[in-house]
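The following exercises concern a predicted model. Each task is followed by a solution in steps.

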Amino acid sequence: MDAYESTPERERYEVVVVGGGAAGLSAALVLGRSRRRTLLVDAGEPRNAPAAHMQGYLSRDGMSPAEFLEVGRREIAAYGVERRAGRVTEAVPDAADGFVVTVDGGPTVRARRLIVTTGLVDELPAIDGVAERWGRDVLHCPYCHGWEVRDQAFGVIAHPVMGAHQALLVSQWSDDVTLFPHTAAALTEEDLGRVAAAGITVVTGEVAGLVVEEDRMTGVRMTDGRIVERSVLFAGTRMTPRDELLTALGAATHDTPLGAFVTVDATGLTSVPGVWAAGNAIGPAEQVINAASGGYRAGVAVNAELTLTDLDREAATRAGG
């Protein structure tokens, strides 16, 4: 009997899913329906919590993130998935097939496989008022919010890496777009040509803060005192994946223009045997619907891998008499 099988059943899971957002819930749903004993550990820190609604998710367009999570939690519970509030602080491969997982420094559990869906953290520009208005009239994704603020007066803080890209993109939703280069590098000749073609106004100088009146953004205040009237501000963020668990296990990463992210194959398998990852932990562009899809793929892959592993072991036992 190996270490996994000798562990008390209440502390033994076939799969531990780390992270309770769209990716984690989707993976857990597949695994529960596959009759796998699954534990989902949820720190309760979804990236889209500040948003009132989520858009672009077929059949769930306009649903609040909180309602989406509540529905998902009810669905996984119906298939016997156990959900535990907390944070996985450590996962260590054991000598046998699987991992020893510690939740918030408490008692350990054993898991044969891991799916990590811990997302990322958005570091906002250090501009007065941006954090307070985040998810309301300070936005980052036009696919998530563009329709709702269409035809308003847009401001865009140039991204330190992507430059004018976001301003060019949001011009699809408004003809009144002002780009604030702020502290970003000078625009390239190509960007300047595109900015002019889109009719985007460029306001040079650093941004000091936002002007808010009656709980509504009305303008952008420059350090020299100028006020540029705007009703919506798009601001790119510095995205830091919550991948400490994955990197501690030795998962390989790769560089992107927006930083290093864990490398996975088409199913979400990392370079660490037995460890899958999905959602924003593996990339900056995973919207809610993409994250749910990635979690589903990972859940299917884990179930198939466990099935074949167990059948191969049984076949070897039979062949050995």
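**Exercise 1.** Determine how the residues of the lining of the second largest pocket divide into nonpolar, polar and charged.

*Solution.* Step 1: the lining comprises nine nonpolar, seven polar and two charged residues. Step 2: the volume of the second largest pocket is about 430 Å³. Step 3: 18 residues line this pocket, and those closest to its centre are His 140, His 165, Gln 166, Met 239 and Leu 258. Step 4: two or more lining residues come from each of the elements α5 (142-145) and α6 (165-170). Step 5: α6 gives the most, with three residues.

**Exercise 2.** Decide whether His 159 is buried or exposed, and describe its surroundings.

*Solution.* Step 1: His 159 is placed in the loop between β9 (154-157) and α6. Step 2: the relative accessible area of His 159 is 12%. Step 3: buried means under 20%, so His 159 is buried. Step 4: the His 159 side chain reaches the backbone nitrogen of Met 162 at 3.2 Å. Step 5: with neighbours within four places in sequence left aside, His 159 is in contact with Ala 184, Gly 236, Thr 237 and Leu 258.

**Exercise 3.** State in which sense strands β4 and β5 pair, and over how many bridges.

*Solution.* Step 1: β4 (residues 88-93) and β5 (residues 99-103) pair in the antiparallel sense, over five bridges. Step 2: opposite Ala 91 stands Val 101 in β5. Step 3: the hairpin of β4 and β5 has five residues between the strands, and in this hairpin Gly 98 takes a positive phi near 145°.

Methods. Residues numbered from 1 in each chain as written. Predicted model: local features only at pLDDT ≥ 70, side-chain atom pairs only at ≥ 80, totals over all residues. Heavy atoms only, no water. Pairing = 2+ DSSP bridges. Helix = DSSP H or I, 4+ residues; strand = E, 2+ residues; numbered from the N terminus. 1 Å grid on protein atoms, 1.4 Å probe; cavity = no way out; pocket = protein on both sides within 12 Å on 5 of 7 lines; lining within 4 Å. Points joined across faces, edges and corners; volume = space filled by probe spheres on them. Nonpolar A, V, L, I, M, F, W, Y, C, P; charged D, E, K, R; others polar. Buried < 20%, exposed > 50% of the residue type's maximum accessible area, 1.4 Å probe, protein only. Polar contact = N/O pair within 3.5 Å; in protein donor to acceptor, adjacent residues only side chain to side chain. Contact = heavy atoms within 4.5 Å.
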